[in-house]
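Here is a short briefing on one protein model. Look over the sequence and the 3D view, then read on.

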Amino acid sequence: MKNISVYEESWPLNTPFTIARGTREQATVVVVEVMDESGVKGVGECTPYLRYGETAASVMAQVVSILPALELGMNRNELQDALPAGAARNAVDCALWDLEARLAGLALPQYLQTPLPESVVMAQTVVIDTPERMAQAAQRLWLSGAHLLKVKLDDRLITERMVAICAAVPDATLIVDANESWHVEGLAARCQLLADLKVAMLEQPLPASEDSALANFIHPLPVCADESCHTRSHLEALSGYYDMVNIKLDKTGGLTEALLLQQAAIAAGFEIMLGCMLCTSRAITAALPLVPSARFLDLDGPTWLAVDVEPGLNFTPGMLHF
């Protein structure tokens, strides 16, 4: 018999995080702990996301619904059928992976035979604000050592914001996340603007229901699917629309499906971005086996927290050190 715990945590942010869907001042996560008979404990974390109809209460209810099976030894393969892809399955799946690795006496990347470099470059986020403040934020990040910047945009002041940022940090590598806020009208021109400004990638410009418009023009820069890509089941529908997919464990429902999505996406010709929600280092640790395959790493969720879990991962501006 395994002993299962599930609980909610709230982590205050060190500064408000503003995206196209609003401003957040804390990260709400759900944690699942799975302890086996020997007393070894695996831990998994997820971030419920309202965009997908998730709340902490709904996620915890999903986990509670499978507690009897988990206590009796439900494995990761059985879990894939017991819960749909999403935050709840992610927390359980990652707890089971963590338990397996700990029972083997290994860190998760070692357990999966995934060598990691000493450090990797990751994106630091510039949140939505006035053009002047976004440019100032980008410059502060650049001067602190972050040279890959992820710029959040909505449907307003796109030219003004991007021109100001590019003038402030002309040597930075920029990627842009529109969070589904743009429209089909003018999309090709906006993509060309970003390409002319040497932006390296555009993430999810349109609502997921309007993906087909991305096939109407030659992409002048890579376009990445985020909300449009959760699991392997979505890949076929993305062909011809997107050049890259953003893998997040909270979308795939855990590392098990994320590893399979990674393999299938690469085989289908997609490049990989590895992303996260607002989260603690626990959530990033669970995603580390996916790091070597990713062209872009967007793993700065814990850097927005006023305090992280202990022990946390080693972040410096624009870098994650192992």
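How far is the sulfur of cysteine 46 from the closest cysteine sulfur? The gap is 9.0 Å, and the neighbor is cysteine 94. Keep in mind that this is a predicted model. The points below cover the cysteines first, then the sheet.

**Cysteines and disulfides**
- The structure has zero disulfides.
- A disulfide needs two cysteine sulfur atoms within 2.5 Å.
- At 9.0 Å from the sulfur of cysteine 94, the sulfur of cysteine 46 is too far away for a bond.
- The view from cysteine 94 gives the matching result: its closest cysteine sulfur is in cysteine 46, at 9.0 Å, too far for a bond.
- Cysteine 46 is buried, and its relative accessible area is 1%.
- Cysteine 94 also counts as buried, with 4% relative accessibility.

**The sheet**
- Eight strands form an open sheet.
- Their order is 5-6-7-8-9-10-11-12, and the pairing is parallel.
- Strand 5 (124-126) and strand 12 (296-297) are the edge strands.
- Each edge strand pairs on one side only.

**A helix on the sheet**
- Helix 6 (residues 131-144) packs on this sheet.
- Helix 6 touches strand 5 and strand 6 (148-152).
- The direction of helix 6 makes about 160° with that of strand 5.

**One strand pair inside the sheet**
- Strand 8 (residues 201-203) pairs with strand 9 (residues 223-225) in the parallel sense.
- Two bridges link strand 8 and strand 9.
- Glutamate 203 has cysteine 224, in strand 9, as its bridge partner.

Conventions. Residues are numbered from 1 along each chain as its sequence is written. This is a predicted model: local features need pLDDT of at least 70, side-chain atom pairs count only at pLDDT 80 or more; totals for chains, interfaces and linings use all residues. Side-chain values use heavy atoms; hydrogens and water are left out. Buried means under 20% relative accessible area, exposed over 50%, partly exposed in between (1.4 Å probe, protein chains only). Two strands pair if DSSP finds at least two bridges between them. Helices (H or I, at least four residues) and strands (E, at least two) are DSSP runs, numbered from the N terminus. Contact means heavy atoms within 4.5 Å. Axes are lines fitted to C-alpha atoms, for helices over the stretch in contact, and angles run from 0 to 180 degrees between N-to-C directions.
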